[in-house]
Amino acid sequence: MSNILLQIDGKEVKAREGMTILEAAKSAGISIPTLCHHEKLQPYGACRVCTVEVETGGRTRLLASCVYPVEENLVVRTRSEKVDRTRKMILEEILAHAPDSVDVQKLAEQFGADRDRFEKEPSFCILCGLCVRYCAEIKKKDAIGFVERGPRREISFIPEVASKECWDCKECFPLCPTSALQAAYVLIEALAFPKPASKKPSKRN
Amino acid sequence: MPRINSPLELEKFRKDILAKKDPDKPCIAVCTGTGCLALGAAKVVNAFKEGIKKQGLENRVNVKVDLRETGCPGFCERGPVIVIYPEEICYLQVQPGDVKEIISQTVIAKKVIDRLLFVDPTTGLKSVHESEIPFYKHQMRLLIGNNIRIDPKSIDNYLAVGGYSALAKALSQMNPEQIIELVKDSKLRGRGGAGFPAGRKWEFTRNSPGTTKYVVVNADEGDPGAFMDRALLEGNPHSVLEGLTIGAFAIGAHEGYIYVRQEYPLAVENVTIAIQKAEEYGLLGKNILGSGFDFNIKVHRGAGAFVCGEETALLRSLEGKAGEPKARPPYPAVKGLWDKPTNINNVETWANIPLIVNNGAAFLTSIGTEGSKGTKIFSLVGKVKNTGLVEVPMGITLRNIIYQVGGGIPGGKKFKAVQTGGPSGGCIPEEYLDMQVDFDELAKVGAIMGSGGMIVMDEDTCMVDVAKYFLNFLTDESCGKCTPCREGIRQMLKILTRISEGKGKEGDIELLQNLSETTRDASLCALGGSAPNPVLSTIRYFREEYEAHIKGKKCPAFVCKELISFYIDPDKCTACMICLRKCPVDAITGGKNRIHVIDQEKCTNCGTCFEVCPPRFAAVRRLSGEPVPPSIPEEARTVVRESK
């Protein structure tokens with residue numbers, strides 16, 4: 001693997017071919033905020049909080065640093081007026097769904113995002129896909145997936161699989177940047193194993 | 001049918017087909033494309049079949065005539081369309097009842113039936129031949145021109161018009177590098193929307209390491225109101241197969257896929273038949289035309305997601321996964337279908353290839369503008385007299401397309417805007433009607449070429465409503481993977497909805513612009529990247545309309561239901577009872593000799609009363625941004641008629 005030289009925030013950074021901008025920045029001690037990124041998982045590029053500004057051949061554009069591979073002589077700015085403005089808007093859009101997520105709030109503070117800019121539609125889930133991808137890529141169980149598309153997209157445990165696999169795993173729970181996952185699991189458990197009102201709750205947990 | 005084993009055999013076979021054809025034998029070509037079928041073309045075909053049989057018996061002569069069911073020639077507005085050869089007489093809006101006369105008068109007696117000809121609505125002049133009809137006269141139909149001449153289910157028909165000669169030439173006289181150079185020289189740009197140079201894309205894929213490569217036809221035409229790709233695949237599928245096969249040879253692929261919408265059953269049928277026939281003839285499969293080149297094509301039907309027209313989403317869908325875009329790079333040319341180098345081009349791009357190989361790069365570069373060469377097919381729809389499929393040279397002005405080809409705006413209405421590029425395209429106002437249509441010029445005014453949708457809008461169109469309509473479409477079609485697209489479109493639609501309901505707030509326009517910027521710049525794929533276009537272009541050119549909605553609570557085009565009301569002018573109402581009877585919600589009170597009054601509480605603003613009120617009375621008024629005058633008192637409602 002050959003070395004690639006690029007510039008991040010004015011700093012010369014030596015990266016290996018195939019690295020993403022995010023990885024290269026990290027290796028140089030430059031931190032870029034992320035929500036849907038996880039070191040153990042394939043880059044996904046969904047939340048776009050890691051958006052950075054990149055200059056190539058005189059053209060400036062925004063890219064998701066977690067998926068974009070490093071290129072020779074790339075000039076990257078992890079903070080700029082435009083980057084900050086974009087991250088602020090994305091965080092405000094996310095806050096409409098998960099206003100109380102601690103991770104999101106921390107970022108919101110950093111970028112001056114207004115928690116109340118958009119009307120709340122608390123779904124809790126911000127569709128980062130960490131649970132879905134962790135289950136598929138690491139556990140190879142596919143007990144949770146996405147259903148529907150666009151604004152109707154949501155995560156859903158697949159009862160047949162979840163009932164067999166999830167009760168003693170739950171490794172995806174701590175990955176969730178909001179509290180959505182636990183809620184979704186409890187909901188699916190309730191739907192998959194409806195409990196008669198008179199009986200005591202099962203001891204599954 | 002034995003296989004054709006060499007270019008020589010192909011030419012001999014073609015000569016045989018042509019020799020068997022009697023040039024004087026009449027041929028009735030009936031368009032059986034989707035549009036004409038919907039207008040009853042199948043019944044016309046059946047009537048011809050029966051009529052030919054009957055007339056032959058009655059007249060005791062053997063009526064020698066070919067009946068050909070063809071693809072779409074484009075003039076859908078006046079379907080079913082038929083053309084009678086060799087005279088090329090074009091009849092429009094043909095009904096089964098006309099068939100007997102057509103056979104006896106035109107086919108046998110060689111007379112023209114006047115009433116079935118095209119009549120120019122402005123000059124009153126009639127056109128006998130297809131080429132004389134203004135709709136066709138101002139077009140340049142290199143790709144769809146053959147649609148009416150061939151039966152798409154017959155490979156012999158395609159061969160008769162010179163089909164597969166380009167493939168023979170490419171395989172026997174050119175090497176892959178030469179073909180790629182040729183396509184690069186032709187400056188052909190991808191017709192799917194982005195306009196990337198096709199030759200360079202081919203070169204990337206060819207030069208990508210790996211022995212297994214794929215070529216793909218993107219026929220997932222999802223833009224509302226667009227049917228360019230459908231017409232090509234339905235009407236001339238072999239031209240696409242031929243282009244694809246040449247591309248596969250140049251790129252080094254041995255497998256190709258046609259990704260076509262499930263909603264295009266006729267296109268699927270015709271292209272599947274075409275593949276079978278081409279295989280039988282040795283024009284597909286192993287050792288094509290004895291060249292040693294093997295190539296197979298499979299048809300894959302899409303499951304109805306607009307986003308699958310995006311190439312990375314299309315490839316994932318082909319792999320059997322959910323159709324969600326992936327970040328590029330890596331580009332499909334490097335890592336595409338099953339991680340192998342893959343070249344995807346749109347139907348129309350592939351169909352251009354045989355033309356270029358046969359006629360040379362200069363043929364294409366001689367047509368069009370500096371940056372965009374060749375022709376482009378548009379589906380011209382909306383408020384225009386001649387809706388249909390049009391193929392025009394790049395660089396033609398919007399005015400020529402809309403007024404010369406399209407015949408202008410019907411009903412004496414005024415032109416307001418033309419929307420190009422599908423749901424994520426932009427609205428172009430009147431001041432740019434004289435701009436040249438090409439990839440770069442459209443981008444400059446905030447629209448896009450897209451795949452060729454062109455929707456004409458007249459003065460009765462509300463631009464806020466238009467933006468809302470397209471954003472609503474995109475809300476359904478965004479895959480939902482990335483935040484700026486999913487959430488940005490959702491928030492923009494909410495704002496547009498509240499503006500159209502009269503609940504818009506100061507600052508909403510700026511908020512829309514901010515949301516647009518983030519969605520455009522930070523989204524994962526081109527769907528999000530272009531989704532704000534309808535919003536941005538309508539704000540750019542029709543800002544005052546947004547402001548009227550927000551500040552004046554007024555919809556100037558009288559479209560947004562929450563902002564309009566209907567009122568019957570008591571001085572004009574003659575108590576004719578028409579609106580009263582037609583009102584679907586019984587909101588109109590009155591009676592014979594009693595002036596009609598609309599109960600605003602009950603009224604749903606459907607506009608029926610406005611439409612049915614006879615123009616000589618014109619008593620129903622549309623109001624927006626102003627209060628409805630109080631109803632006249634009961635005692636004043638009696639109509640006093642002047643005695644005669």
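Select B:C31 first: in this predicted model, B:C31 stands opposite B:T70, a residue of β2(B). B:C31 closes the stretch to show next, strand β1 of chain B, residues 27-31. Between β1(B) and β2(B) there are five bridges, and the pairing is parallel.

**The four-stranded sheet of chain B**

Widen the selection to the sheet around this pair. The sheet is open, has four strands in the order β2-β1-β3-β4 (chain B), and its pairing is mixed. Colour β2 (66-70) and β4 (89-91) of chain B separately: these two are the edges, and because each has a single partner strand, one side of each is left without a neighbour in the sheet. With direction ignored, neighbouring strands of this sheet are turned against each other by 20° on average.

**Domains of chain B**

Now colour chain B by domain. The assignment lists domain 1 (18-137), domain 2 (163-365), domain 3 (375-458), domain 4 (463-550) and domain 5 (562-636). Keep domain 2 and domain 3 of chain B on screen; their C-alpha centres are separated by 27 Å. The contact between the two takes 15 residues of domain 2 of chain B and 15 residues of domain 3 of chain B.

**Helices α14 and α7 of chain B**

Select residues 347-359 of chain B, which form helix α14. Of its 13 residues 11 are buried, so α14(B) is largely enclosed by the rest of the structure. The buried residues are B:V347, B:E348, B:T349, B:W350, B:A351, B:N352, B:I353, B:P354, B:L355, B:I356 and B:V357. Step past the end of the helix to B:G360, which follows α14(B) and has a positive phi, near 90°.

Add helix α7 of chain B, residues 165-173. The axes of α7(B) and α14(B) are 8 Å apart, and the helices pack at an angle of about 60°. That angle makes α7(B) oblique to α14(B). The crossing of α7(B) past α14(B) is left-handed. To see the contact itself, show side chains for B:S165, B:A166, B:K169 and B:A170 on α7(B), and for B:P354, B:V357 and B:N358 on α14(B).

Two of these contact residues of α14(B), B:P354 and B:V357, also belong to the buried set of that helix. On α7(B), the buried residues are B:A166, B:L167, B:A168, B:A170 and B:L171. Which helices cover the buried residues of α7(B)? Show α1 (7-20), α8 (176-185), α11 (237-251) and α14 of chain B, which are among the elements that do so.

**The five-stranded sheet of chain B**

Move to another sheet of chain B. This open sheet has five strands, ordered β12-β11-β15-β13-β14 (chain B), and its pairing is mixed. At the edges are β12 (388-393) and β14 (426-429) of chain B, each of which pairs on one side only. From one strand to the next the twist averages 30°.

Zoom in on β13 (residues 415-420) of chain B and β14(B), which pair in the antiparallel sense over four bridges. Label B:Q419 and B:C427 here: B:C427, in β14(B), is the bridge partner of B:Q419. Then add helix α16 of chain B, residues 398-405, which packs on the sheet. α16(B) touches β11 (375-382), β12, β13, β14 and β15 (453-458) of chain B, and its direction makes about 135° with that of β12(B).

**Where the chains meet**

Show both chains and select the residues in contact between them. Chain B supplies 23 residues and chain A supplies 20 residues. On the side of chain B that touches chain A, α18 (463-477), α19 (483-500) and α20 (508-522) of chain B each supply at least two residues. Which helix gives the largest share of that side? Select α19(B), which contributes seven residues.

**Chain A**

Finish with chain A alone. Chain A has six helices and seven strands, and from the N terminus on its elements run β-β-α-β-β-β-α-α-α-β-β-α-α. Along the principal axes, the C-alpha atoms of chain A fill a box of roughly 70 × 40 × 30 Å. Buried residues make up 41% of the 205 residues of chain A.

Colour chain A by its domains: domain 1 (1-76), domain 2 (80-122) and domain 3 (130-192). The C-alpha centres of domain 2 and domain 3 of chain A are 24 Å apart. Among contacts in chain A with a separation of 6 or more, 54% join residues 24 or more positions apart.

Methods. Residues are numbered from 1 along each chain as its sequence is written. Chains are lettered from A and ligands numbered from 1 in the order in which they are written. This is a predicted model: local features need pLDDT of at least 70, side-chain atom pairs count only at pLDDT 80 or more; totals for chains, interfaces and linings use all residues. A residue is buried if 20 or more other C-beta atoms lie within 10 Å of its own, exposed if 12 or fewer, and partly exposed in between; C-beta atoms are placed from the backbone. Two strands pair if DSSP finds at least two bridges between them. Axes are lines fitted to C-alpha atoms, for helices over the stretch in contact, and angles run from 0 to 180 degrees between N-to-C directions. Domain bounds come from an automatic or database domain assignment. Angles under 35 degrees count as roughly parallel, over 145 as roughly antiparallel, 65 to 115 as roughly perpendicular and the rest as oblique. A crossing is left-handed if the near helix is turned anticlockwise from the far one by less than a right angle, and right-handed if clockwise. Two residues are in contact if their C-beta atoms, placed from the backbone, lie within 7 Å.
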